[in-house]
Amino acid sequence: MLGLNGTPFQPATLQLTGIPGIQTGQAWVALVFCILYLISIIGNLTILALVIREPTLHQPMYYFLSMLSLNDLGVSFSTLPTVLATFCFNYRHVDFDACLVQMFFIHTFSFMESGILLAMSFDRFVAICDPLRYATVLTNNRILAMGLGIVAKSFTTLFPFPFLVKRLPFCKGNVLHHSYCLHPDLMKVACGDIHVNNIYGLFVVIFTYGIDSTFILLSYTLILKAVLAIASRDQRFKALNTCMSHICAVLAFYVPIIAVSMIHRFWKSAPLVVHVMMSNVYLFILPMLNPIIYSVKTKEIRRGIRQVFCKSWG
């Protein structure tokens with residue numbers, strides 16, 4: 001792709017691939033994605049509505065859960081336009097600048113989710129290790145400040161990415177390997193010196209996922225230590241049970257990230273479809289899974305859902 005003066009340039013549009021190797025059965029793939037989006041959007045909106053309308057859920061734990069639901073809605077709506085265009089309407093082109101905007105929001109919401117999970121681990125740490133000060137430590141103002149801090153941190157660390165990509169020429173074609181725009185995918189078709197992009201990308205990953213996961217692990221180490229010090233077996237079980245939803249959410253978030261990283265590093269010959277499917281699990285299954293996890297594992301959420309259905313059908 002050369003300009004009039006023979007130098008590489010940025011394409012007007014980029015072409016989205018969808019899922020490599022699946023040329024037939026696109027209608028079934030579109031149906032699956034529509035179902036995933038529907039479950040994710042309805043599930044997260046239900047969580048938000050319950051927390052807003054039920055006074056018993058006006059507690060720090062559920063405020064953080066609301067942040068998680070809002071973030072998962074952000075992830076879903078970030079990928080939705082190009083995914084539906086690709087699979088439902090077979091329209092595979094996206095404007096270059098629109099692609100950069102989508103890339104920014106997908107990565108920003110992903111990094112925000114890591115910060116929210118860290119805040120939720122702090123909530124569980126205070127609730128179990130220092131329950132008498134729980135209400136005074138996690139006040140509404142501090143929860144709001146933590147939420148704004150997570151947004152500010154993610155926004156500022158990801159803000160340079162579109163500009164770092166924008167400065168690069170693209171001479172390796174305009175075909176991306178997903179139905180949405182990701183930074184690593186754009187780097188595969190860019191030419192010129194991409195070392196700055198790669199180094200800054202590694203810095204952001206360590207600064208967010210690395211630090212957040214370390215503090216989450218530290219929180220649960222201290223929580224486990226406090227729980228083992230409880231004399232009553234029933235009380236130990238009850239204390240750990242309050243953490244199960246969050247533990248499942250953390251595993252659902254970090255396991256795909258670790259798997260993608262391991263495949264990229266140690267299985268370089270892996271078929272392209274493997275990388276694409278792992279990314280799809282991370283971006284489509286997780287936003288759907290979180291409301292299900294908290295609906296199944298959290299008694300107060302289950303009770304709120306039953307009350308809504310009883311009022312609707314009563």
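## Close-up views of a predicted chain

The accessible surface of the protein chain comes to about 16,300 Å², and 72% of this surface belongs to carbon and sulfur atoms. Accessible areas come from the Shrake-Rupley method with a 1.4 Å probe, and for residues only the protein chains shown count as cover. This is a predicted model, in which local features need pLDDT of at least 70, side-chain atom pairs count only at pLDDT 80 or more, and totals for chains, interfaces and linings use all residues. Residues are numbered from 1 along each chain as its sequence is written, and side-chain values use heavy atoms, with hydrogens and water left out.

**View 1. The whole chain and its dimensions.** Along its principal axes, the C-alpha trace spans about 75 × 45 × 35 Å. The radius of gyration is 22 Å, which agrees with the value near 20 Å for a compact globule of 314 residues. This radius is taken over C-alpha atoms, and the globule rule is 2.2 Å times the number of residues to the power 0.38. Of the 314 residues, 45% count as buried. Buried means under 20% relative accessible area, exposed over 50%, and partly exposed in between (1.4 Å probe, protein chains only).

**View 2. Helices, strands and contacts in the protein chain.** The chain holds 12 helices and 2 strands. Helices (H or I, at least four residues) and strands (E, at least two) are DSSP runs, numbered from the N terminus. Read along the sequence, the pattern is β-α-α-β-α-α-α-α-α-α-α-α-α-α. Take contacts (heavy atoms within 4.5 Å) between residues at least 6 apart in sequence: 79% of them join residues at least 24 apart.

**View 3. Segments annotated as "transmembrane region".** The annotation comes from an unreviewed UniProt entry. It covers residues 27-52, 73-92, 104-122, 143-165, 199-223, 244-267 and 273-296. UniProt positions are given in the numbering used here, feature names are shortened, and annotations may be inferred rather than shown by experiment. Over residues 27-52 the chain is 100% helix and 0% strand. The end C-alpha atoms of 27-52 are 37 Å apart. Over residues 73-92 the chain is 80% helix and 0% strand. Here the end C-alpha atoms are 23 Å apart.

**View 4. The loop between helix H2 and strand S2.** H2 covers 60-88 and S2 covers 93-95. Asn90 is found in this loop. Phi of Asn90 is near 55 degrees, a positive value in a residue other than glycine. Asn90 counts as exposed, at 55% relative accessibility. Arg92 is found in the loop between H2 and S2 too. Arg92 counts as buried, at 18% relative accessibility. Arg92 and Tyr180 are 88 residues apart along the chain, and their C-alpha atoms are separated by 9.7 Å.

**View 5. Ile247 in helix H10.** Helix H10 covers residues 244-266. Ile247 is partly exposed, with a relative accessible area of 27%. Ile247 and Leu117 are 130 residues apart in sequence. In space they are 9.4 Å apart, C-alpha to C-alpha.

**View 6. Met277 in helix H11.** Helix H11 covers residues 272-297. Met277 is partly exposed, with a relative accessible area of 37%. Met277 and Cys129 are 148 residues apart in sequence and 40 Å apart in space, C-alpha to C-alpha.
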